[in-house]
Amino acid sequence: MLFNNFGKTGIKMSALGFGAMRLPMRGEGDKKEIDDDLAIPMMHRAFELGVNYIDTAPYYNDKLSEGAVGRALKSWTKPGKIYVSTKNPIENDSPDDWMKRLETSLKNLNLDSIDFYHFWGINLKGYQHWETLSNGPLQAAERAKSEGLIKHLSFSFHDDAKNLPEIINGGRFESVLVQYNLLDRSNEDNLAYAKERGLGVVVMGPVGGGKLGAPSDLISSLLKNKPAGTAEMAMRFVLANPNVDISLSGMSHISHVDENAAIASRDANLSDAEIAQIKKIMQENKKLAELYCTSCDYCKPCPADINIPHLFGIMNTHRVYGLTEHAVGDYNATIRGNAWHKSASPVACTKCGVCEEKCPQKLPIIKQLEETHAELYRD
């Protein structure tokens with residue numbers, strides 16, 4: 001296992017982090033539970049292979065992930081520190097409520113202190129608001145740290161990439177968790193900036209939330225002399241970035257642990273020239289994708305509640321990147337209301353033409369919606 005200096009913390013972290021958001025489950029409904037017979041050996045296998053950073057959160061796995069991580073840590077008796085990360089959703093401005101959520105996580109994890117405690121999924125607007133409070137979540141976090149309940153204060157980020165540096169500049173956090181992968185490089189400069197400012201840098205979504213786990217001839221052949229599976233190429237690309245300390249992977253089977261650990265144990269995964277070649281090819285394909293839609297959102301809202309940019313984005317994962325298997329599943333889940341993003345089916349389109357009037361690219365949106373449905377819909 002390769003290890004990296006984690007910001008200014010003085011800690012050497014494994015290049016691979018264990019994301020405990022997809023632990024195997026068993027049972028149905030109210031009887032649903034973590035399958036400890038599978039989940040705990042999987043976490044222990046990661047620790048055996050050198051992984052020393054595990055990330056969880058209060059709502060993962062139907063609110064059961066923290067407890068499972070706690071049980072895995074309690075039953076792990078071999079030497080070596082395992083660093084634990086979890087998160088506070090900050091549901092209101094109350095410092096007392098913030099502290100209650102921390103105490104619940106400590107209890108779930110069976111710990112006296114959390115190594116890396118995250119302000120979960122924050123944005124610049126929320127952070128700026130908390131800065132105006134004399135006694136809010138930020139002050140509660142500082143007190144908890146002074147009392148030893150938290151060792152390092154961190155944050156995860158889903159806002160517009162241009163807003164990340166200002167949160168870093170606030171100087172309150174020691175590490176950041178941010179999305180970065182082959183398909184989404186919007187935070188690439190931010191990784192370097194966070195590293196420069198001394199933060200530990202953890203990347204989530206190295207395989208695009210599973211999107212890059214599906215087969216793609218285009219991505220597998222990015223390096224003609226080093227063909228690799230889509231997921232392997234995606235992971236190697238992230239690990240090759242010198243500004244990434246940890247690539248956090250959500251794993252649901254012990255084979256995923258073995259495969260990812262093997263990739264994170266190879267020195268010099270990709271050369272600078274190979275990285276440049278990959279970026280060039282992906283940029284060319286991004287431009288091709290934008291011929292279909294740039295996701296500017298000018299066409300919204302649609303009178304028929306069709307989420308046009310999102311559906312076109314799914315179409316691009318199929319048409320441009322060859323991630324057809326994932327695109328089909330994502331599309332059908334979206335139009336059936338079973339995905340995070342919602343959209344009516346394109347069959348609901350009344351052909352009113354409002355979207356085409358507002359589109360700055362003058363795209364034939366109605367026709368493209370018909371094409372998208374024809375390509376991706378499954379009974």
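Helices are DSSP runs of H or I at least four residues long, numbered from the N terminus. In the predicted model described here, isoleucine 278 lies in one such run, helix α12, which covers residues 272–290. The relative accessible area of isoleucine 278 is 0%. A residue counts as buried under 20%, so isoleucine 278 is assigned to the buried class. Methionine 233 is 45 residues away from isoleucine 278 along the chain, and the C-alpha atoms of the two residues are separated by 9.9 Å.

The chain as a whole was then examined. Its secondary structure consists of 16 helices and 12 strands. For 379 residues, a compact globule would be expected to have a radius of gyration near 21 Å; the value computed for the chain is 22 Å, and the chain therefore agrees with that expectation. The C-alpha trace extends over about 60 × 50 × 45 Å along its principal axes.

Burial and contacts were also computed for the chain. Of its 379 residues, 52% are classed as buried, and isoleucine 278 is buried as well. When contacts between residues at least 6 apart in sequence are considered, 72% of them join residues at least 24 apart.

The surface and the charges complete the description. The chain exposes an area of about 17,500 Å², of which 50% is supplied by carbon and sulfur atoms. The chain carries 43 positive and 48 negative charges, and the mean positions of these two sets are 1 Å apart.

Notes: Residues are numbered from 1 along each chain as its sequence is written. This is a predicted model: local features need pLDDT of at least 70, side-chain atom pairs count only at pLDDT 80 or more; totals for chains, interfaces and linings use all residues. Side-chain values use heavy atoms; hydrogens and water are left out. Helices (H or I, at least four residues) and strands (E, at least two) are DSSP runs, numbered from the N terminus. The radius of gyration is taken over C-alpha atoms; the globule rule is 2.2 Å times the number of residues to the power 0.38. Buried means under 20% relative accessible area, exposed over 50%, partly exposed in between (1.4 Å probe, protein chains only). Contact means heavy atoms within 4.5 Å. Accessible areas come from the Shrake-Rupley method with a 1.4 Å probe; for residues, only the protein chains shown count as cover. Lys and Arg count as positive and Asp and Glu as negative; His and the chain ends are not counted. The place of a charge is taken as NZ of Lys, CZ of Arg, CG of Asp or CD of Glu.
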